[in-house]
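Please open the model in a viewer and keep the sequence panel visible. The tour proceeds by selection, with a short account of what is found at each stop.

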Amino acid sequence: MTTRGIDGRPVGITVNSFNSVSLQPPLVLWSLAKSAHSLAAFESSVNWAVHILSADQEALSNRFARSGVEKFAELELESGHDGIPLLKGCTARLQCKNSLRYDGGDHVIFVGEVLEFEHEPITPLVYQLGKYAVASRKLDGVTINRPDVQRLDLGFDEDFLGYLLARAHFQFFSRMRELMLRLGLDDVHLYILSGLSVKDARSVEELDRIMRPARQAVTPTALAELERRGFIKVEGPEANPTCRLTGTGHAVALDTIAACKGIESAVLDKLGYWNASALKNLLKQFILETDIGVPHPWETAARIEDPKSID
């Protein structure tokens, strides 16, 4: 919530008591503690603004929730009705006329008439049970089973996490693999070219570290094929050579990565902005909470060859 104080200075606070009241006329309400330092400013103001923050504005929410800080410092503001300060990058903004106030125990309830409403297709910031969250749309009564698709019936229904992750992985990468096959590339080739597109020269050890989370590894066969096609140059000691992109390889890498990004965009566009943001957020949390360090494929092979090394 933002407004102008009696002295004309901008005033702002973070609240979670906002709600709608009426459509005709358009009315909204929120409440503010009687002990709040900003109470006098909002009671005396003609207008105030409501900002529904976006998912990437968590820091802004925290800033305006604290007292004794320069909340508007270095922020780029716009000016609304009666000069009220407006924040940028929000999911929605409502400029309101200060219409009514009610006593609500230790709070004052403000009712405002909406004079202007703006919104953007940006995922909103959610606050639940003391933590920030991201909203996503729920699918009610939707099944992903298809009669023409056979799968092993091992007691894992379509809500089993492993089944959902595996099916999503293969559906997504099948589109990328079609592209790579047309170019005569495989997964390892793509990872090598991608790693070198950011930094033209990397050692095999460095590329292996980059590829480790995806359970991929540089192989001599892959390096030989990319060098034969004129995409890379392999130099240095045989134990840990350095790989460099050629001009041709750089062009192929950028074109391939752009095409893969296009496939990603097509998938995420179907999900919608909210669901896409929530999906990425949840996957990052899943990885951080479950990752115990992905073993290198060669390390895994060594363990299988030496059963005594397996606990």
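How many salt bridges does the count come to? The count comes to 10 salt bridges, in a model that is predicted. A selected few are visited below, after a view of the whole chain.

**The whole chain**

Begin with the full chain in a cartoon representation, coloured by secondary structure. The chain contains 9 helices and 14 strands. Of its 311 residues, 31% count as buried. The exposed area of the chain is about 19,800 Å², and carbon and sulfur atoms supply 56% of that area. Among contacts between residues at least 6 apart in sequence, 59% join residues at least 24 apart.

**Salt bridges**

Side chains of opposite charge can pair when their charged atoms come close. Select Arg93 and Glu118 and display their side chains. These two residues form a salt bridge, with the closest N and O atoms 3.1 Å apart. Glu118 belongs to strand 9 (residues 107-119) and Arg93 to strand 8 (residues 92-104), so the pair ties together parts that are 25 residues apart in sequence. The two partners may then be inspected for exposure: Arg93 counts as buried because its relative accessibility is 10%, under the 20% limit, whereas Glu118, at 29%, counts as partly exposed.

Now add Glu78 to the selection. Glu78, Arg93 and Glu118 are linked in a network of salt bridges.

Next, select Arg202 and Glu206. Are these residues, Glu206 and Arg202, buried or exposed? Both are buried. They form a salt bridge in which the closest N and O atoms are 2.8 Å apart.

Move on to Glu235 and Arg244. This pair also forms a salt bridge, and its closest N and O atoms are 2.8 Å apart. Glu235 is partly exposed, at 37% relative accessibility, and Arg244 is partly exposed as well, at 39%.

**A buried loop residue**

Select Ile84, which is found in the loop between strand 6 (78-79) and strand 7 (85-86). At 1% relative accessibility, Ile84 counts as buried. To see its surroundings, extend the selection to its contacts. Leaving aside neighbours within four places in sequence, Ile84 is in contact with Thr3, Arg4, Asn47, Trp48, Ala49, Glu78, Ser79 and Gln95. One of these contacts, Glu78, has already appeared in the salt-bridge network with Arg93 and Glu118. For Gln95, draw a distance between C-alpha atoms: Ile84 and Gln95 are 11 residues apart along the chain, and their C-alpha atoms are separated by 8.6 Å.

**Helix 2**

Select residues 58-65, which make up helix 2, and display Leu60, Ser61 and Phe64, the buried residues of this helix. Viewed down the axis of helix 2, the buried residues fall within an arc of 100 degrees, so they line one face of the helix. Ala59 and Ala65 are exposed on the other side of helix 2. Show the strands as well: the buried residues of helix 2 pack against strand 2 (10-12), strand 10 (125-128) and strand 11 (131-134).

**Helix 8**

Select residues 273-290, which form helix 8. This helix has 18 residues and reaches 26 Å from its first C-alpha to its last, close to the 26 Å expected at 1.5 Å a residue. Which residues of helix 8 are buried? They are Asn275, Ala276 and Ala278. Seen down the axis of helix 8, these residues fall within an arc of 165 degrees, so they line one face of the helix. The face turned away from the buried side carries the exposed residues Lys284 and Leu288. The buried residues of helix 8 pack against strand 11 and helix 7 (247-271). Strand 11 thus appears at this stop as it did among the packing partners of helix 2.

**The nonpolar patch**

For the last stop, switch to a surface representation and select Leu161, Leu165, Leu271, Leu279, Leu283, Phe286 and Ile287. Together these residues make a nonpolar surface patch of about 550 Å². Helix 3 (161-182) and helix 8 each supply at least two residues of the patch, and helix 8 gives the most, with 4 residues. Finally, centre the view on Leu161, which is placed in helix 3. Leu161 is partly exposed, with a relative accessible area of 45%.

Definitions and conventions:
Residues are numbered from 1 along each chain as its sequence is written. This is a predicted model: local features need pLDDT of at least 70, side-chain atom pairs count only at pLDDT 80 or more; totals for chains, interfaces and linings use all residues. Side-chain values use heavy atoms; hydrogens and water are left out. Patches are made of residues with over 30% relative accessible area and no salt bridge: like charges are joined within 9 Å, nonpolar side chains (Val, Leu, Ile, Met, Phe, Trp, Tyr) within 5 Å. Accessible areas come from the Shrake-Rupley method with a 1.4 Å probe; for residues, only the protein chains shown count as cover. A salt bridge is a side-chain nitrogen of Lys or Arg within 4 Å of a carboxyl oxygen of Asp or Glu. Buried means under 20% relative accessible area, exposed over 50%, partly exposed in between (1.4 Å probe, protein chains only). The arc is that of the directions from the helix axis to the C-beta atoms. Contact means heavy atoms within 4.5 Å. The expected span of a helix is 1.5 Å times one less than its number of residues.
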